[in-house]
Every structure is written in C-alpha cells, then in structure tokens.
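Reader: I would be grateful for a close look at a single part of this model, set in the context of the chain as a whole. Please take one strand and follow its surroundings outward.

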Amino acid sequence: MAFGDHERDADLRDAWKTFCRQLEQAGDRAFKDYNPATPAHRVDAFRFLTQNLGQAFDLALETRDTRYPALHPFCTPTRKLGGDAADFSYLQAWLDGDSAYRVHGARGTARFMNFTLQGQRPDKQPGTEIPSLHDPFGDIPEVNLFGHQLETDAEGNFELFIGGTERGANWLPTTADTRKLFLRQGFDDWNELPAQLNIERLGMTEPKPLPSTETMLDAMDWAGAFVTAIMHDWPDHAYQYSPFVDPDNVNTFPTGGADKDDAKRGRAVAHMCWALASDEALVIEFDALDSFWMISAMGVFFTSLDYLYRPVSYTPSRSKVDSDGKVRLILSHTDPGYHNWLDTQGFERGNITYRNLLSTQSASFNTQRVKCAQLADALPADTAQVTAEERKRLMLLRFNSIRRRYGAK
C-alpha cells in the first residue's frame with residue numbers, strides 16, 4: 001500500500017502541504033517591526049508560535065465536535081495567547097445551540113470565576129469597522145454566570161446546565177449562535193484552589209466517532225488559518241484598533257473612559273506598553289483599592305511572562321502597600337530588592353495589563369522611569385524590601401501554587 005492507493009490520498013496530502021506552507025509563512029512574522037531584534041525577543045516570537053502550534057489541532061480537531069464536548073486548557077504556563085493574565089486560568093469547550101450540556105464538579109476557592117457562553121463571530125465587531133480578532137476570539141458574549149452566583153452544596157459541589165429546558169439558578173440559556181463555553185478563574189491568595197470540572201452533552205450514549213477524511217481536511221484548514229492569524233494579529237490588532245493601547249507613548253497608562261464591553265463584564269481594564277534600557281526601572285504607582293485587582297506583565301505578543309518561575313504578577317493579597325496607601329510595583333531587568341518586583345525577564349519591550357474584577361472602578365496610575373541606581377530616591381523610605389532568601393521563599397510559594405492550579409499535587 002502506498003500513496004494513491006486510496007481515492008482521498010491526494011486531498012489529505014495537499015491539505016497537509018498547505019498547512020505546512022502556512023506554518024512556514026507564520027514563522028516569517030516573528031521578524032516583524034514590533035518585535036525588537038534581540039535574541040530574547042526573536043526566540044520569544046517562535047516560542048509563541050510553537051506553544052500555539054501545540055494546541056492548534058486540539059482546537060481544530062480533538063475538542064471540536066460539539067456532541068462530545070471537552071474542557072480544553074486554553075492557556076497554561078507553557079501555552080500563552082490573547083493577553084492571558086498570569087493569575088487567571090482559562091478553559092474553553094466548543095458547544096452548539098441545539099444541544100444541552102452539564103458541567104459538574106467542585107467549585108474550588110478561586111476568588112473569581114466566570115462562565116460565559118460565546119455566540120456569533122462577525123467579520124467586524126458590532127457598530128464598528130474593527131475586524132474581529134482571529135478565531136477562536138472575536139465571538140460575542142451572550143450570557144454569563146459568576147462564581148458567587150453559582151449554587152453549591154456544603155462541600156462546594158455543583159451542577160451547571162447549559163441549554164435545553166430552564167433548570168433554575170445554575171442554568172445558562174443558549175441561542176442558535178452559541179458556539180462555546182469560556183471559563184475564567186482568577187486567583188488572589190496562593191492558597192486558593194482551582195475548580196475540578198467535567199462536562200458532557202445530555203443524552204450522550206454513543207462513543208465519539210473517529211475523524212473522517214472531511215473532518216481532518218477541515219481541521220487542517222482551521223489550524224492553518226489559526227497559526228497564520230496569531231502571528232498576524234499579535235500585537236498588531238491591539239496596537240491598531242484598541243483605544244486603550246498606545247505602543248508609541250510607552251511607560252505610561254493611556255487615559256480614557258471605560259470600555260462598554262468591559263463594563264458589561266463587570267470589570268475595569270487599563271493597559272500600558274513599556275520599554276526599558278538595561279539600567280532602568282519603572283515605578284508603577286496606584287491606590288490600593290478595596291477590590292480584587294490584578295496586574296500582569298506580558299511580552300510583545302501579548303502573552304504573560306513566565307509566571308511559574310518569576311514574579312511577573314501581583315494581586316491584593318500578594319502585594320505590599322506603602323504607608324500612604326499606595327501600591328508601588330517596580331518593573332526592572334534585575335531584582336531591585338523590593339518586594340513588589342515585576343521581572344522583565346530581560347525583554348526590552350512588553351505590555352502590562354491591570355484588571356479590576358467585579359468592579360467598573362478604574363485606578364489612577366502614576367509611572368516614573370528612573371535609573372536603577374537612583375531607585376531608592378524614587379520610593380518612600382518604608383517601601384517593603386526583601387532579602388535574597390526571602391525572594392527564594394516567595395518564588396517557591398508562587399511555583400507550588402501555580403502548579404496546583406494546573407493539577408499538580
């Protein structure tokens with residue numbers, strides 16, 4: 001038996017070659033102008049591509065059949081996409097509006113949880129001329145349920161029904177356009193535990209069928225478009241179309257009103273592009289709001305920096321507040337010896353996103369770029385410091401907590 005012995009051999013080979021050409025072309029976009037010409041940045045671009053190549057066929061093939069849904073870990077410590085926050089975990093499941101589903105398990109103790117059903121994915125975002133971000137983004141939220149709205153038993157166990165007949169508080173209605181469930185969990189304290197979840201379609205009695213030739217051809221086409229689009233759209237789409245992202249005026253948070261879609265989600269978001277020389281630090285100052293906020297440092301391609309091994313994110317329970325009620329974070333390439341250090345990991349440029357969850361209250365930011373040698377002069381005398389041993393202990397807490405979020409015991 002050899003190539004050509006089956007009537008669809010040529011179709012499969014041609015589709016695979018097309019995918020490989022698309023992957024090759026995607027790699028060429030690692031050298032775009034937005035990505036500085038340094039070894040760290042060039043490697044990071046290919047890492048961004050290879051990490052998402054690793055999930056391309058999970059999204060396009062393995063979890064695509066809405067009759068046999070699966071909760072896919074969309075972002076992890078080794079897979080980053082879409083401005084992922086270091087202190088969020090993300091799961092998605094492809095669904096359809098004709099079926100009914102059951103999500104069940106243990107709620108966990110994450111401070112924030114949000115189940116959202118996503119619907120229609122238009123070519124342009126409604127009411128604008130802005131093209132939608134690449135698939136699987138760009139779809140319109142239909143309905144959501146927050147963790148504090150979820151009814152559980154005394155042990156935190158629950159059932160959530162999606163679609164079909166209304167079933168009380170733990171139910172989300174679908175529409176003809178419903179295409180996926182998106183679940184976000186936001187973590188504050190290092191001791192918080194993730195939800196333990198399963199999903200199935202109601203009435204599922206037959207085993208999942210093996211992929212057909214048409215299924216595989218469609219998957220290759222979807223995956224090829226995906227790897228091409230991620231390298232095309234990041235960071236270009238945000239830089240070109242977002243009114244809250246300014247790649248030219250670096251090291252300062254742009255001013256502006258709240259985004260109406262974020263207001264609907266019950267959150268406020270602020271974003272800053274940064275650029276630092278090797279001997280510089282950036283002090284980021286804001287009021288310590290009585291809410292659940294988080295800040296994440298990201299690279300050029302809007303992917304979280306290495307949050308498993310390095311301090312690149314802060315939340316209320318893990319940050320120190322100065323005596324004047326201000327949180328001051330220090331972004332720098334080397335450890336400055338202060339508790340609230342954001343590690344650039346040696347990158348020259350990147351992005352930082354602030355989220356205030358379950359609130360539309362926005363923070364007011366002040367930033368100051370200084371030479372590392374003059375950093376102490378830019379900070380209050382009581383700004384919390386750490387020793388090298390204390391930093392190691394903090395990093396071990398981070399390491400063990402992050403691993404627990406992704407299933408490690």
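Author: In this predicted model, 52% of the 409 residues of the chain count as buried. The accessible surface of the chain comes to about 18,900 Å², and carbon and sulfur atoms hold 49% of that area. Six helices and 17 strands make up the secondary structure of the chain. The radius of gyration is 22 Å, close to the 22 Å that the globule rule gives for 409 residues, so the chain is as compact as a globular protein of that length. The C-alpha trace spans about 75 × 55 × 45 Å along its principal axes. Among contacts with a separation of 6 or more, 77% join residues that are 24 or more positions apart.

The part chosen for the close look is strand 8, which covers residues 180-186. Seven of its seven residues are buried, and the strand is thus described as mostly covered. In a regular strand the side chains alternate between the two faces of the sheet. In strand 8, K180, F182, R184 and G186 point one way, while L181, L183 and Q185 point the other way. Both sets are buried, which means that each of these residues has under 20% relative accessible area.

Strands of a sheet pair through backbone hydrogen bonds, either parallel or antiparallel. Strand 8 has strand 2 (residues 88-94) as an antiparallel partner, joined to it by seven bridges. Within this pairing, L91 stands opposite L183 of strand 8. Strand 4 (residues 112-118) also pairs with strand 8 in the antiparallel sense, over seven bridges. Here the bridge partner of Q118 is K180 in strand 8.

These pairings belong to an open sheet of five strands in the order 1-2-8-4-5, with antiparallel pairing. Strand 1 (72-75) and strand 5 (141-146) stand at the edges with a single partner strand each, so one side of each is left without a neighbour in the sheet. From one strand to the next, the twist averages 25 degrees. Helix 2 (residues 39-62) lies across strand 1 and strand 2 of this sheet, and runs at about 140 degrees to strand 1.

One residue of helix 2 may be examined further. A60 is located in this helix and is buried, with a relative accessible area of 3%. Leaving aside residues up to four places away in sequence, A60 touches A219, W222 and A223. A60 and R403 are 343 residues apart in sequence, and their C-alpha atoms lie 27 Å apart in space.

The residue A223 also takes part in a contact between two other helices: it is listed among the residues of helix 3 that meet helix 1. Two packed helices are described by the angle between their axes and the distance between the axes. For helix 1 (residues 9-28) and helix 3 (residues 213-233), the axes come within 8 Å and cross at roughly 10 degrees. That makes helix 1 roughly parallel to helix 3, because angles under 35 degrees count as roughly parallel. The helix 1 side of the contact includes D11, L12, W16, F19 and L23, and the helix 3 side includes M216, L217, M220, V227 and M231.

A further sheet may be set beside the one that holds strand 8. This open sheet has four strands in the order 7-6-3-9, with mixed pairing. Strand 7 (171-172) and strand 9 (196-201) stand at its edges, each with a single partner strand, so one side of each is left without a neighbour in the sheet. Strand 3 (residues 101-106) and strand 6 (residues 157-162) run antiparallel and are joined by six bridges. In this pair V103 stands opposite L160 of strand 6.

Finally, a loop residue may be considered. S362 lies in the loop between strand 16 (349-357) and strand 17 (366-371). Its relative accessibility is 48%, and S362 therefore counts as partly exposed. S362 and H271 are 91 residues apart in sequence and 11 Å apart in space, C-alpha to C-alpha.

Key
Residues numbered from 1 in each chain as written. Predicted model: local features only at pLDDT ≥ 70, side-chain atom pairs only at ≥ 80, totals over all residues. Heavy atoms only, no water. Buried < 20%, exposed > 50% of the residue type's maximum accessible area, 1.4 Å probe, protein only. Pairing = 2+ DSSP bridges. Axes fitted to C-alpha atoms, helices over the stretch in contact; angles between N-to-C directions. Contact = heavy atoms within 4.5 Å. Rg over C-alpha atoms; globule rule 2.2 N^0.38 Å. Areas by Shrake-Rupley, 256 points an atom, 1.4 Å probe, with all protein chains shown as cover. Parallel < 35°, antiparallel > 145°, perpendicular 65-115°, else oblique.
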